[in-house]
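Work through these exercises with the sequence and the model open side by side. Try each task before reading its solution.

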Amino acid sequence: RLYGSLPGSQAEYLRVPHADYGPIKVPSVGEDERYLFLSDVLPTAWQGVKYANVGEEDTLAVLGLGPVGQLAVRSAKLQGVKRIIAVDRVDERLALGGMGEVWRARDLHSGKDVAAKILRPELAADETFVSRFRREARSAARLSHPNVVPVFDQGEDGGQVFLAMEYVEGRTARAVVDTEGALTVRAALDVLEPVLTGLAAA
């Protein structure tokens, strides 16, 4: 039912409304395998959630946040699942976001761990965005303040645009709220004060 009823689970013709201006443009950089989620990984993730028969009041646990896991989370949201617990089993992957991923990496010169932010392929293919990203990285690298994470380097390798900065141990604000609930006014101010001080220096 997800793909049609023809042999091979593929329709002979497919009409996509607004496909003349709505499709995602695949960049010319990067390996073809990076874009297979469009034709393979997304249907796999959607089908997995659909066949699990998760109800709106049920809790869905997704173990692993590779491409299938990430899209399973998104598919579950679109299918109306209200509570989703996503567990990333790759310790080195620190965060996922709209711009890309942040990984713990090793600086081979200093031998220290750093946080490497890697842009999503479609953003890395946008020259205007990359130019702005590099300008902001250079500006951040000139800052020196105890409340601003230092930027060590930025560059490109194999079509992947990255930014390397200090790796700081600790929990994110989201993790604190998820585990401990809403912050008290005092606790929120304790977090905001150093943030605002850092912003003022920038």
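The exercises below go from the whole chain to one helix pair and then to single residues. Keep in mind that this is a predicted model.

**Exercise 1. Describe the overall make-up of the protein chain.**

Solution.
- Start with the elements. The protein chain has 6 helices and 7 strands.
- Next, read their order. Along the sequence the pattern is α-β-α-β-β-β-β-α-α-β-β-α-α.
- Then turn to burial. Of the 202 residues in the protein chain, 20% are buried.
- Finish with the contacts. Take those in the protein chain with a separation of 6 or more: 46% of them join residues 24 or more positions apart.

**Exercise 2. Work out how helix H1 and helix H2 cross, and which residues make the contact.**

Solution.
- Two packed helices are described by the angle between their axes and the distance between the axes.
- Locate the pair. H1 covers residues 41-52 and H2 covers residues 67-78.
- Take the distance and angle. The two axes come within 8 Å and cross at roughly 55°.
- Classify the angle. An angle between 35 and 65 degrees is neither roughly parallel nor roughly perpendicular, so it counts as oblique. H1 is therefore oblique to H2.
- Add the hand. The crossing of H1 and H2 is right-handed.
- List the residues. H1 contributes Val41, Leu42, Ala45, Trp46 and Val49. H2 contributes Pro67, Val68, Leu71, Ala72, Ser75, Ala76 and Leu78.
- Sort them by type. The contact of H1 with H2 holds 11 nonpolar residues, 1 polar and no charged.

**Exercise 3. Check the length of H2, then find its buried residues and what they pack against.**

Solution.
- Begin with the length. H2 has 12 residues, and at 1.5 Å a residue they should span 16 Å. The end C-alpha atoms of H2 are 17 Å apart, which agrees.
- Pick out the buried residues. In H2 they are Gly69, Gln70, Leu71, Ala72, Val73, Ser75 and Ala76.
- Find their partners. The buried residues of H2 pack against H1 and against four strands: S1 (59-63), S2 (83-87), S3 (93-96) and S4 (100-106).
- Look past the end of the helix. Glycine 80 follows H2, and its phi is positive, near 95°.

**Exercise 4. Decide whether serine 75 is buried or exposed, and name what it touches.**

Solution.
- Place the residue. Serine 75 is found in H2.
- Apply the cut-off. Buried means under 20% relative accessible area. Serine 75 is at 2%, so it counts as buried.
- Set aside residues up to four places away in sequence. Serine 75 then touches Leu42, Ala45, Trp46 and Val49.
- Link this to Exercise 2. Leu42, Ala45, Trp46 and Val49 are among the H1 residues listed for the contact with H2.

**Exercise 5. Find what sets the backbone of asparagine 53 apart.**

Solution.
- Recall the background. Most residues other than glycine have a negative phi, and most peptide bonds are trans.
- Read the angle. Asparagine 53 is not a glycine, yet its phi is positive, about 55°.
- Place the residue. Asparagine 53 sits in the loop between H1 and S1.
- Judge its exposure. Its relative accessible area is 65%, so asparagine 53 is exposed.

**Exercise 6. Trace which residues alanine 86 and lysine 117 meet across the sequence.**

Solution.
- Take alanine 86 first. This residue lies in strand S2. Its relative accessible area is 38%, so alanine 86 is partly exposed.
- Measure along the chain and through space. Alanine 86 and leucine 65 are 21 residues apart along the chain, and their C-alpha atoms are separated by 7.2 Å.
- List the contacts. Beyond its neighbours within four places in sequence, alanine 86 is in contact with Val62, Leu65 and Val73.
- Turn to lysine 117, in strand S5 (residues 113-119). At a relative accessible area of 23%, lysine 117 is partly exposed.
- Repeat the comparison. Lysine 117 and methionine 165 are 48 residues apart in sequence and 8.1 Å apart in space, C-alpha to C-alpha.
- List the contacts again. Not counting residues up to four places away, lysine 117 touches Met99, Glu101, Val102, Val161, Phe162, Leu163 and Met165.

Terms used: Residues are numbered from 1 along each chain as its sequence is written. This is a predicted model: local features need pLDDT of at least 70, side-chain atom pairs count only at pLDDT 80 or more; totals for chains, interfaces and linings use all residues. Side-chain values use heavy atoms; hydrogens and water are left out. Axes are lines fitted to C-alpha atoms, for helices over the stretch in contact, and angles run from 0 to 180 degrees between N-to-C directions. Helices (H or I, at least four residues) and strands (E, at least two) are DSSP runs, numbered from the N terminus. Angles under 35 degrees count as roughly parallel, over 145 as roughly antiparallel, 65 to 115 as roughly perpendicular and the rest as oblique. A crossing is left-handed if the near helix is turned anticlockwise from the far one by less than a right angle, and right-handed if clockwise. Contact means heavy atoms within 4.5 Å. Ala, Val, Leu, Ile, Met, Phe, Trp, Tyr, Cys and Pro count as nonpolar, Asp, Glu, Lys and Arg as charged, and the others, Gly among them, as polar. The expected span of a helix is 1.5 Å times one less than its number of residues. Buried means under 20% relative accessible area, exposed over 50%, partly exposed in between (1.4 Å probe, protein chains only).
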